[in-house]
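New to this one? Have a look at the sequence and the model first, and then we'll walk through a metal site and some ring contacts.

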Amino acid sequence: MLRLHDTPSKSVRAVSPAVPGLLTVYACGPTVYRYAHVGNLRTFLLTDLIRRTAERRGLRVRLVQNITDVGHLQDDTAIDSTGEDKLLAQARAENKDPFVIARFYEDAFHRDLALLNVRPADAYPRASEWIDSMIALISRLIASGHAYVGEDGSVYFSAQSYEEYGQLSGNRLEDLRAGHRLEAAEVGQGKRFHADWALWKKAGAAREMTWDSPWGFGFPGWHIECSAMSLDLLGDRFDLHTGGIDLRFPHHEDERAQSNCAVGHEVVGHWVHGEHLLFEGRKMAKSTGNVVLVSDVVDRGYDPLALRLAFLSSRYRQQANLSWDAIAGAARTLDRWRAAVASWAESPSAPLASSYADGVLEAFEDDLDTPRALQLLRQLEKDGSVPDGSKFETFAWADALLGLDLVRQVGQVVALPAGAADLLDARAQARAGRDFAASDRLRDELAALGVAVKDTPAGQEWSLA
Ligand code: AMP
Ligand code: ZN
(Lines give C-alpha, C1' and ligand atoms only; values in the text may rest on other atoms or scores of the structure.)
(Ligands and ions follow the chains in the order given, each with its own letter.)
Protein backbone atom coordinates (compact mmCIF):
# COMPACT_ATOMS: atom_id res chain seq x y z
CA MET A 1 0.00 0.00 0.00
CA LEU A 2 1.24 3.47 -0.91
CA ARG A 3 2.45 5.60 2.00
CA LEU A 4 3.31 9.26 1.56
CA HIS A 5 4.40 12.10 3.77
CA ASP A 6 1.58 14.47 4.66
CA THR A 7 2.64 18.04 5.42
CA PRO A 8 0.03 19.12 8.02
CA SER A 9 0.37 15.96 10.13
CA LYS A 10 4.15 15.85 9.54
CA SER A 11 3.99 12.09 9.18
CA VAL A 12 4.15 9.38 6.56
CA ARG A 13 0.61 8.02 6.22
CA ALA A 14 -1.10 5.36 4.16
CA VAL A 15 -2.99 6.75 1.18
CA SER A 16 -6.52 5.40 1.21
CA PRO A 17 -8.67 6.61 -1.66
CA ALA A 18 -12.05 8.08 -0.73
CA VAL A 19 -13.53 6.05 -3.59
CA PRO A 20 -12.03 2.55 -3.46
CA GLY A 21 -9.97 1.78 -6.53
CA LEU A 22 -9.70 5.38 -7.71
CA LEU A 23 -6.95 7.77 -6.63
CA THR A 24 -7.82 11.42 -7.17
CA VAL A 25 -4.92 13.85 -7.40
CA TYR A 26 -4.63 17.59 -7.87
CA ALA A 27 -1.20 18.94 -8.82
CA CYS A 28 -0.39 22.64 -8.82
CA GLY A 29 0.76 23.37 -12.32
CA PRO A 30 2.94 25.97 -13.97
CA THR A 31 2.52 29.70 -14.24
CA VAL A 32 2.97 30.00 -17.97
CA TYR A 33 5.00 33.17 -18.37
CA ARG A 34 8.37 31.48 -18.93
CA TYR A 35 9.91 28.07 -19.62
CA ALA A 36 9.71 25.63 -16.71
CA HIS A 37 13.17 25.10 -15.26
CA VAL A 38 14.34 21.66 -14.23
CA GLY A 39 13.51 22.48 -10.58
CA ASN A 40 9.84 22.96 -11.52
CA LEU A 41 10.05 19.73 -13.49
CA ARG A 42 11.36 17.82 -10.48
CA THR A 43 8.17 18.82 -8.68
CA PHE A 44 5.99 17.79 -11.64
CA LEU A 45 7.82 14.45 -11.75
CA LEU A 46 6.79 13.82 -8.14
CA THR A 47 3.15 13.54 -9.20
CA ASP A 48 4.07 11.21 -12.06
CA LEU A 49 5.92 8.89 -9.67
CA ILE A 50 2.92 8.76 -7.34
CA ARG A 51 0.65 8.00 -10.24
CA ARG A 52 2.83 5.21 -11.63
CA THR A 53 3.15 3.62 -8.20
CA ALA A 54 -0.60 3.64 -7.66
CA GLU A 55 -1.23 2.22 -11.13
CA ARG A 56 1.28 -0.58 -10.57
CA ARG A 57 -1.04 -1.75 -7.77
CA GLY A 58 -4.07 -1.57 -10.03
CA LEU A 59 -5.54 1.74 -8.88
CA ARG A 60 -7.09 4.02 -11.44
CA VAL A 61 -5.74 7.54 -11.18
CA ARG A 62 -7.58 10.74 -11.99
CA LEU A 63 -5.12 13.61 -12.19
CA VAL A 64 -5.88 17.30 -12.65
CA GLN A 65 -3.15 19.91 -13.10
CA ASN A 66 -3.95 23.58 -13.50
CA ILE A 67 -2.41 26.06 -15.87
CA THR A 68 -2.05 29.46 -14.23
CA ASP A 69 -2.43 32.04 -16.97
CA VAL A 70 -3.78 34.87 -14.86
CA GLY A 71 -3.72 36.04 -11.26
CA HIS A 72 -0.26 34.95 -10.10
CA LEU A 73 1.37 38.14 -8.92
CA GLN A 74 5.09 38.84 -8.88
CA ASP A 75 5.26 38.89 -5.13
CA ASP A 76 3.02 36.12 -3.93
CA THR A 77 4.81 35.95 -0.59
CA ALA A 78 3.31 39.32 0.26
CA ILE A 79 0.36 38.34 2.35
CA ASP A 80 -1.82 41.00 0.79
CA SER A 81 -1.18 39.93 -2.82
CA THR A 82 0.19 43.22 -3.95
CA GLY A 83 2.39 43.42 -7.00
CA GLU A 84 2.11 42.88 -10.69
CA ASP A 85 0.73 39.90 -12.59
CA LYS A 86 3.65 37.74 -13.76
CA LEU A 87 2.09 37.17 -17.15
CA LEU A 88 1.31 40.79 -17.85
CA ALA A 89 4.86 41.78 -16.92
CA GLN A 90 6.27 39.19 -19.34
CA ALA A 91 3.82 40.21 -22.06
CA ARG A 92 5.05 43.77 -21.74
CA ALA A 93 8.69 42.65 -21.77
CA GLU A 94 8.11 40.65 -24.96
CA ASN A 95 5.67 43.17 -26.38
CA LYS A 96 3.06 40.50 -27.05
CA ASP A 97 -0.51 39.74 -26.15
CA PRO A 98 -0.59 38.04 -22.72
CA PHE A 99 -2.62 35.13 -24.09
CA VAL A 100 -0.05 34.55 -26.83
CA ILE A 101 2.64 34.37 -24.13
CA ALA A 102 0.51 32.04 -22.02
CA ARG A 103 -0.23 29.57 -24.83
CA PHE A 104 3.38 29.57 -26.00
CA TYR A 105 4.76 28.60 -22.58
CA GLU A 106 1.91 26.18 -21.97
CA ASP A 107 2.90 24.30 -25.14
CA ALA A 108 6.53 24.34 -24.03
CA PHE A 109 5.47 22.90 -20.67
CA HIS A 110 3.73 19.95 -22.35
CA ARG A 111 6.75 19.29 -24.56
CA ASP A 112 9.08 19.29 -21.56
CA LEU A 113 6.84 16.86 -19.69
CA ALA A 114 6.78 14.54 -22.70
CA LEU A 115 10.59 14.63 -22.95
CA LEU A 116 10.77 13.52 -19.32
CA ASN A 117 8.20 10.73 -19.85
CA VAL A 118 5.78 12.42 -17.47
CA ARG A 119 2.41 11.03 -18.47
CA PRO A 120 -0.28 13.63 -19.21
CA ALA A 121 -2.93 14.58 -16.67
CA ASP A 122 -6.62 13.91 -17.37
CA ALA A 123 -7.34 17.63 -17.42
CA TYR A 124 -5.32 20.82 -17.63
CA PRO A 125 -7.84 23.55 -16.74
CA ARG A 126 -6.75 27.12 -17.44
CA ALA A 127 -7.40 29.82 -14.87
CA SER A 128 -8.62 32.23 -17.54
CA GLU A 129 -11.31 29.73 -18.56
CA TRP A 130 -12.48 29.10 -15.01
CA ILE A 131 -13.51 32.61 -14.00
CA ASP A 132 -17.26 31.95 -13.69
CA SER A 133 -16.68 29.11 -11.29
CA MET A 134 -14.27 31.21 -9.22
CA ILE A 135 -16.86 33.99 -9.04
CA ALA A 136 -19.50 31.49 -7.89
CA LEU A 137 -17.17 30.16 -5.20
CA ILE A 138 -16.30 33.65 -3.98
CA SER A 139 -20.00 34.50 -3.79
CA ARG A 140 -20.56 31.41 -1.70
CA LEU A 141 -17.77 32.40 0.68
CA ILE A 142 -19.23 35.90 1.04
CA ALA A 143 -22.69 34.45 1.71
CA SER A 144 -21.34 32.20 4.46
CA GLY A 145 -19.40 35.02 6.12
CA HIS A 146 -15.91 33.81 5.21
CA ALA A 147 -15.26 36.61 2.75
CA TYR A 148 -16.17 40.27 2.45
CA VAL A 149 -15.91 43.18 0.05
CA GLY A 150 -13.19 45.49 1.32
CA GLU A 151 -13.17 49.25 1.32
CA ASP A 152 -11.20 49.26 -1.92
CA GLY A 153 -13.82 47.14 -3.72
CA SER A 154 -11.71 43.96 -3.79
CA VAL A 155 -12.99 40.79 -2.13
CA TYR A 156 -10.99 39.34 0.75
CA PHE A 157 -11.04 36.08 2.62
CA SER A 158 -11.27 36.51 6.36
CA ALA A 159 -8.44 34.41 7.82
CA GLN A 160 -9.95 34.60 11.31
CA SER A 161 -13.17 33.05 10.04
CA TYR A 162 -11.41 29.72 9.73
CA GLU A 163 -10.29 28.35 13.05
CA GLU A 164 -7.84 25.91 11.58
CA TYR A 165 -6.01 28.53 9.58
CA GLY A 166 -2.28 27.90 9.80
CA GLN A 167 -2.45 24.17 10.50
CA LEU A 168 -1.08 23.16 7.13
CA SER A 169 2.07 25.26 7.21
CA GLY A 170 2.49 25.64 10.96
CA ASN A 171 2.04 29.41 10.78
CA ARG A 172 -0.06 31.05 13.46
CA LEU A 173 -2.01 34.23 12.84
CA GLU A 174 -0.21 35.99 15.71
CA ASP A 175 3.19 35.14 14.24
CA LEU A 176 2.17 36.30 10.81
CA ARG A 177 1.25 39.64 12.24
CA ALA A 178 4.81 40.31 13.40
CA GLY A 179 6.30 39.57 9.99
CA HIS A 180 3.79 41.51 8.01
CA ARG A 181 2.86 44.40 10.24
CA LEU A 182 4.95 46.88 8.34
CA GLU A 183 3.75 45.71 4.98
CA ALA A 184 0.08 45.88 5.94
CA ALA A 185 0.50 49.33 7.40
CA GLU A 186 2.33 50.54 4.32
CA VAL A 187 -0.15 49.14 1.87
CA GLY A 188 -3.14 50.36 3.81
CA GLN A 189 -5.65 48.74 1.49
CA GLY A 190 -9.21 47.64 1.97
CA LYS A 191 -8.83 44.49 4.00
CA ARG A 192 -9.83 44.28 7.64
CA PHE A 193 -7.11 42.05 9.03
CA HIS A 194 -3.43 41.72 8.20
CA ALA A 195 -3.59 38.02 7.25
CA ASP A 196 -6.65 38.28 4.97
CA TRP A 197 -5.97 37.81 1.27
CA ALA A 198 -7.60 38.83 -1.95
CA LEU A 199 -10.02 36.47 -3.70
CA TRP A 200 -10.97 39.03 -6.32
CA LYS A 201 -8.90 42.07 -7.16
CA LYS A 202 -10.69 45.12 -8.40
CA ALA A 203 -9.06 46.63 -11.46
CA GLY A 204 -9.94 49.25 -13.99
CA ALA A 205 -11.43 47.92 -17.24
CA ALA A 206 -8.29 49.27 -18.90
CA ARG A 207 -6.09 46.56 -17.45
CA GLU A 208 -5.65 43.53 -19.68
CA MET A 209 -7.01 40.18 -18.53
CA THR A 210 -9.94 41.49 -16.51
CA TRP A 211 -13.44 40.10 -16.23
CA ASP A 212 -16.73 41.53 -15.13
CA SER A 213 -18.03 40.30 -11.80
CA PRO A 214 -20.60 41.19 -9.13
CA TRP A 215 -17.79 43.37 -7.70
CA GLY A 216 -16.98 45.12 -10.95
CA PHE A 217 -14.12 44.54 -13.36
CA GLY A 218 -11.19 42.68 -11.93
CA PHE A 219 -9.28 39.44 -11.83
CA PRO A 220 -9.07 36.49 -9.44
CA GLY A 221 -6.45 35.84 -6.80
CA TRP A 222 -4.11 32.92 -7.43
CA HIS A 223 -5.26 30.70 -4.54
CA ILE A 224 -8.98 30.73 -5.43
CA GLU A 225 -8.12 29.24 -8.81
CA CYS A 226 -6.94 25.97 -7.29
CA SER A 227 -9.92 25.74 -4.92
CA ALA A 228 -12.42 26.23 -7.75
CA MET A 229 -10.80 23.82 -10.16
CA SER A 230 -10.12 21.05 -7.69
CA LEU A 231 -13.65 21.15 -6.25
CA ASP A 232 -15.18 21.23 -9.73
CA LEU A 233 -13.10 18.48 -11.27
CA LEU A 234 -12.33 16.17 -8.36
CA GLY A 235 -15.23 16.77 -5.98
CA ASP A 236 -15.30 17.91 -2.37
CA ARG A 237 -13.15 15.03 -1.11
CA PHE A 238 -10.08 14.09 -3.04
CA ASP A 239 -7.06 12.10 -2.04
CA LEU A 240 -3.84 13.93 -2.82
CA HIS A 241 -2.68 17.45 -3.45
CA THR A 242 0.88 17.96 -4.65
CA GLY A 243 3.23 20.88 -5.21
CA GLY A 244 6.64 22.29 -4.39
CA ILE A 245 7.50 23.02 -0.77
CA ASP A 246 7.33 26.78 -1.33
CA LEU A 247 3.61 26.46 -2.07
CA ARG A 248 2.87 25.28 1.46
CA PHE A 249 2.42 28.90 2.46
CA PRO A 250 0.54 30.99 1.57
CA HIS A 251 -0.79 29.21 -1.53
CA HIS A 252 -1.89 25.90 -0.01
CA GLU A 253 -2.74 27.27 3.41
CA ASP A 254 -5.12 29.71 1.75
CA GLU A 255 -6.50 27.17 -0.69
CA ARG A 256 -7.29 24.81 2.19
CA ALA A 257 -9.11 27.56 4.09
CA GLN A 258 -11.18 28.52 1.03
CA SER A 259 -12.11 24.96 0.05
CA ASN A 260 -12.84 23.70 3.55
CA CYS A 261 -14.95 26.75 4.40
CA ALA A 262 -16.89 26.42 1.16
CA VAL A 263 -17.91 22.80 1.75
CA GLY A 264 -17.73 22.58 5.54
CA HIS A 265 -15.23 19.74 5.87
CA GLU A 266 -11.67 18.71 5.05
CA VAL A 267 -11.37 18.40 1.28
CA VAL A 268 -7.85 17.07 0.77
CA GLY A 269 -6.76 13.72 2.22
CA HIS A 270 -3.03 14.22 1.90
CA TRP A 271 -0.79 17.19 1.14
CA VAL A 272 2.45 16.10 -0.51
CA HIS A 273 5.25 18.59 -1.04
CA GLY A 274 8.46 18.11 -2.99
CA GLU A 275 11.65 19.73 -1.72
CA HIS A 276 13.51 22.20 -3.83
CA LEU A 277 16.12 21.45 -6.38
CA LEU A 278 19.52 23.05 -5.98
CA PHE A 279 21.92 23.39 -8.85
CA GLU A 280 25.63 23.32 -8.07
CA GLY A 281 24.70 24.01 -4.44
CA ARG A 282 22.24 26.89 -4.82
CA LYS A 283 18.45 26.95 -5.10
CA MET A 284 17.44 26.98 -8.72
CA ALA A 285 15.67 30.26 -9.36
CA LYS A 286 15.60 33.00 -11.90
CA SER A 287 16.77 35.46 -9.26
CA THR A 288 19.82 33.28 -8.44
CA GLY A 289 20.73 33.16 -12.13
CA ASN A 290 21.22 29.38 -12.21
CA VAL A 291 18.19 28.31 -14.16
CA VAL A 292 18.65 25.18 -16.28
CA LEU A 293 16.05 24.14 -18.85
CA VAL A 294 15.42 20.76 -20.45
CA SER A 295 16.62 22.30 -23.71
CA ASP A 296 20.01 23.05 -22.06
CA VAL A 297 20.33 19.37 -21.16
CA VAL A 298 19.46 18.34 -24.72
CA ASP A 299 21.83 20.95 -26.19
CA ARG A 300 24.67 19.36 -24.27
CA GLY A 301 23.90 16.08 -25.98
CA TYR A 302 22.22 14.28 -23.09
CA ASP A 303 19.07 12.22 -23.30
CA PRO A 304 16.52 14.18 -21.22
CA LEU A 305 15.72 10.94 -19.42
CA ALA A 306 19.21 11.17 -17.88
CA LEU A 307 17.71 14.10 -16.00
CA ARG A 308 14.82 11.91 -14.88
CA LEU A 309 17.27 9.28 -13.62
CA ALA A 310 19.31 11.97 -11.85
CA PHE A 311 16.11 13.09 -10.08
CA LEU A 312 15.31 9.51 -9.04
CA SER A 313 18.69 9.30 -7.33
CA SER A 314 17.42 11.43 -4.48
CA ARG A 315 14.15 11.18 -2.61
CA TYR A 316 11.58 13.85 -3.36
CA ARG A 317 11.56 15.05 0.24
CA GLN A 318 15.28 15.83 0.26
CA GLN A 319 16.77 18.87 -1.32
CA ALA A 320 18.54 17.49 -4.36
CA ASN A 321 21.77 19.02 -5.52
CA LEU A 322 21.93 18.61 -9.26
CA SER A 323 25.08 19.28 -11.30
CA TRP A 324 26.30 18.68 -14.82
CA ASP A 325 28.48 15.87 -13.40
CA ALA A 326 25.42 14.21 -11.89
CA ILE A 327 23.59 14.41 -15.23
CA ALA A 328 26.63 12.97 -17.06
CA GLY A 329 26.81 10.11 -14.53
CA ALA A 330 23.11 9.40 -14.94
CA ALA A 331 23.50 9.40 -18.74
CA ARG A 332 26.25 6.77 -18.46
CA THR A 333 24.10 4.57 -16.23
CA LEU A 334 21.18 4.95 -18.62
CA ASP A 335 23.33 3.89 -21.61
CA ARG A 336 24.70 0.94 -19.70
CA TRP A 337 21.27 -0.24 -18.56
CA ARG A 338 19.72 0.09 -22.00
CA ALA A 339 22.55 -1.90 -23.59
CA ALA A 340 22.34 -4.53 -20.84
CA VAL A 341 18.55 -4.82 -21.18
CA ALA A 342 18.92 -5.25 -24.97
CA SER A 343 21.50 -7.98 -24.54
CA TRP A 344 19.51 -9.78 -21.77
CA ALA A 345 16.51 -9.70 -24.11
CA GLU A 346 18.41 -12.05 -26.46
CA SER A 347 18.60 -14.74 -23.75
CA PRO A 348 15.98 -17.43 -23.24
CA SER A 349 12.98 -15.98 -21.48
CA ALA A 350 12.72 -16.53 -17.74
CA PRO A 351 10.30 -15.36 -15.05
CA LEU A 352 10.48 -12.09 -13.15
CA ALA A 353 13.05 -12.01 -10.33
CA SER A 354 10.23 -11.47 -7.86
CA SER A 355 12.25 -10.65 -4.76
CA TYR A 356 13.85 -7.76 -6.64
CA ALA A 357 10.58 -6.67 -8.27
CA ASP A 358 8.78 -6.72 -4.91
CA GLY A 359 11.63 -4.76 -3.33
CA VAL A 360 11.48 -2.09 -6.02
CA LEU A 361 7.70 -1.65 -5.69
CA GLU A 362 7.94 -1.59 -1.89
CA ALA A 363 10.61 1.10 -2.10
CA PHE A 364 8.33 3.23 -4.29
CA GLU A 365 5.40 2.61 -1.96
CA ASP A 366 7.50 3.61 1.04
CA ASP A 367 7.13 7.36 0.49
CA LEU A 368 8.81 7.10 -2.91
CA ASP A 369 12.19 5.82 -1.76
CA THR A 370 13.57 5.94 -5.29
CA PRO A 371 17.27 5.79 -4.25
CA ARG A 372 16.57 2.39 -2.63
CA ALA A 373 14.78 1.19 -5.77
CA LEU A 374 17.78 2.15 -7.93
CA GLN A 375 20.15 0.46 -5.49
CA LEU A 376 18.19 -2.79 -5.82
CA LEU A 377 18.37 -2.60 -9.60
CA ARG A 378 22.15 -2.10 -9.44
CA GLN A 379 22.36 -5.22 -7.28
CA LEU A 380 20.22 -7.17 -9.70
CA GLU A 381 22.40 -6.06 -12.61
CA LYS A 382 25.42 -7.69 -10.96
CA ASP A 383 23.68 -10.70 -9.42
CA GLY A 384 25.24 -13.77 -11.11
CA SER A 385 22.60 -16.09 -9.68
CA VAL A 386 19.77 -14.50 -11.68
CA PRO A 387 19.42 -15.64 -15.32
CA ASP A 388 19.68 -12.93 -17.97
CA GLY A 389 16.11 -13.58 -19.11
CA SER A 390 14.88 -12.76 -15.60
CA LYS A 391 16.97 -9.62 -15.48
CA PHE A 392 15.37 -8.50 -18.71
CA GLU A 393 11.84 -9.16 -17.39
CA THR A 394 12.51 -7.41 -14.10
CA PHE A 395 14.08 -4.28 -15.57
CA ALA A 396 11.28 -4.01 -18.12
CA TRP A 397 8.71 -4.43 -15.32
CA ALA A 398 10.43 -1.84 -13.10
CA ASP A 399 10.51 0.62 -15.99
CA ALA A 400 6.75 1.11 -15.67
CA LEU A 401 7.65 2.85 -12.40
CA LEU A 402 10.94 4.43 -13.43
CA GLY A 403 9.84 5.72 -16.84
CA LEU A 404 13.36 5.58 -18.30
CA ASP A 405 12.69 3.80 -21.61
CA LEU A 406 15.04 1.02 -20.59
CA VAL A 407 13.84 -1.25 -23.38
CA ARG A 408 14.58 1.32 -26.08
CA GLN A 409 17.41 -0.67 -27.68
CA VAL A 410 15.83 -4.11 -27.51
CA GLY A 411 15.78 -5.79 -30.91
CA GLN A 412 17.76 -3.06 -32.58
CA VAL A 413 20.07 -4.78 -35.05
CA VAL A 414 23.06 -2.63 -35.73
CA ALA A 415 23.34 -2.54 -39.50
CA LEU A 416 26.68 -2.61 -41.30
CA PRO A 417 27.12 -0.24 -44.24
CA ALA A 418 26.86 -1.87 -47.70
CA GLY A 419 29.96 -3.81 -48.68
CA ALA A 420 31.41 -3.86 -45.16
CA ALA A 421 30.47 -7.48 -44.47
CA ASP A 422 32.50 -8.65 -47.51
CA LEU A 423 35.48 -6.55 -46.46
CA LEU A 424 35.30 -8.01 -42.95
CA ASP A 425 35.29 -11.56 -44.37
CA ALA A 426 38.22 -10.77 -46.66
CA ARG A 427 40.15 -9.30 -43.75
CA ALA A 428 39.50 -12.31 -41.55
CA GLN A 429 40.86 -14.53 -44.32
CA ALA A 430 43.88 -12.29 -44.88
CA ARG A 431 44.76 -12.51 -41.19
CA ALA A 432 44.24 -16.24 -41.20
CA GLY A 433 46.75 -16.34 -44.08
CA ARG A 434 49.05 -13.97 -42.14
CA ASP A 435 48.85 -11.44 -44.98
CA PHE A 436 49.17 -8.40 -42.71
CA ALA A 437 49.64 -5.89 -45.53
CA ALA A 438 46.24 -6.89 -46.98
CA SER A 439 44.70 -6.94 -43.52
CA ASP A 440 45.86 -3.35 -42.84
CA ARG A 441 44.63 -2.17 -46.25
CA LEU A 442 41.21 -3.73 -45.59
CA ARG A 443 41.09 -2.10 -42.13
CA ASP A 444 41.59 1.30 -43.81
CA GLU A 445 38.86 0.54 -46.34
CA LEU A 446 36.49 -0.39 -43.52
CA ALA A 447 37.44 2.76 -41.60
CA ALA A 448 36.51 4.78 -44.68
CA LEU A 449 33.03 3.20 -44.46
CA GLY A 450 32.81 4.16 -40.79
CA VAL A 451 33.53 0.68 -39.41
CA ALA A 452 36.25 0.39 -36.77
CA VAL A 453 37.98 -2.98 -36.43
CA LYS A 454 39.81 -4.23 -33.39
CA ASP A 455 41.81 -7.48 -33.15
CA THR A 456 41.14 -9.50 -30.04
CA PRO A 457 42.16 -13.02 -28.94
CA ALA A 458 38.67 -14.08 -30.07
CA GLY A 459 39.19 -12.67 -33.57
CA GLN A 460 38.40 -9.32 -35.10
CA GLU A 461 35.58 -7.24 -33.62
CA TRP A 462 33.90 -4.35 -35.31
CA SER A 463 31.92 -1.34 -34.20
CA LEU A 464 30.40 1.63 -35.94
CA ALA A 465 32.60 4.67 -35.43
P1 AMP B 1 5.58 28.05 -10.89
O2 AMP B 1 5.53 27.79 -12.36
O3 AMP B 1 6.55 29.11 -10.51
O4 AMP B 1 4.19 28.34 -10.33
O5 AMP B 1 6.12 26.74 -10.18
C6 AMP B 1 5.74 25.45 -10.54
C7 AMP B 1 6.11 24.44 -9.49
O8 AMP B 1 7.54 24.34 -9.32
C9 AMP B 1 5.59 24.75 -8.09
O10 AMP B 1 5.03 23.55 -7.55
C11 AMP B 1 6.81 25.18 -7.31
O12 AMP B 1 6.68 24.87 -5.95
C13 AMP B 1 7.89 24.33 -7.95
N14 AMP B 1 9.26 24.87 -7.81
C15 AMP B 1 9.70 26.14 -7.95
N16 AMP B 1 11.04 26.23 -7.80
C17 AMP B 1 11.49 24.96 -7.56
C18 AMP B 1 12.79 24.36 -7.33
N19 AMP B 1 13.91 25.07 -7.32
N20 AMP B 1 12.84 23.01 -7.12
C21 AMP B 1 11.71 22.26 -7.15
N22 AMP B 1 10.47 22.77 -7.37
C23 AMP B 1 10.34 24.09 -7.58
ZN1 ZN C 1 -2.20 25.69 -6.85
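## A zinc site and a few rings

Along the chain, the donors of the zinc ion (ligand 2) follow the spacing C-x197-C-x24-H. Keep in mind as you read that this is a predicted model. Put names to that pattern and you get Cys28 (SG), Cys226 (SG) and His251 (NE2), the protein donors of the zinc ion (ligand 2), which lie 2.1 to 2.2 Å from it. Two of these donors come from distant parts of the chain: Cys28 sits in the loop between β3 (22-27) and α1 (38-56), while His251 belongs to helix α7 (residues 251-263), and the two are 223 residues apart. Are Cys28 and His251 buried or exposed? Both Cys28 and His251 are buried.

Now for the rings. How many aromatic pairs does the model hold? The count comes to 14 aromatic pairs. Take Phe44 and Phe109: their ring centres are 5.4 Å apart and their planes stand at 85°, so this pair is edge-to-face, since planes over 60 degrees apart count that way. Phe44 lies in helix α1 and Phe109 in helix α3 (residues 98-115), so the contact ties together parts that are 65 residues apart in sequence. Phe44 counts as buried because its relative accessible area is 8%, under the 20% cut-off. Phe109 is buried as well, with a relative accessible area of 2%.

Phe109 also pairs with Tyr124, and that contact is edge-to-face too, with 6.1 Å centre to centre and 90° between the planes. Here, Phe109 in helix α3 meets Tyr124 in the loop between α3 and α4 (131-143), 15 residues apart. Tyr124 has 21% relative accessibility, so it counts as partly exposed, given that buried means under 20%.

Elsewhere, Tyr35, Phe104 and Tyr105 form one aromatic cluster.

Rings can have charged company as well. The table lists two arginines whose charged ends sit over a ring.

| Charged residue | Ring beneath it | Distance to ring centre |
|---|---|---|
| Arg192 | Tyr148 | 3.9 Å |
| Arg300 | Trp324 | 3.9 Å |

If you want a path through the model, start at the zinc ion (ligand 2) with Cys28, Cys226 and His251. Then go to Phe109, which pairs with Phe44 and with Tyr124. Finish with Arg192 over Tyr148 and Arg300 over Trp324.

Conventions
Residues numbered from 1 in each chain as written. Chains lettered and ligands numbered in written order. Predicted model: local features only at pLDDT ≥ 70, side-chain atom pairs only at ≥ 80, totals over all residues. Heavy atoms only, no water. Donors = N, O, S within 2.8 Å, 3.2 Å for Na, K, Ca; no water. Helix = DSSP H or I, 4+ residues; strand = E, 2+ residues; numbered from the N terminus. Buried < 20%, exposed > 50% of the residue type's maximum accessible area, 1.4 Å probe, protein only. Phe/Tyr/Trp six-rings, centres within 6.5 Å; stacked < 30°, edge-to-face > 60°. Lys NZ or Arg CZ within 6 Å of the ring centre and 35° of its normal.
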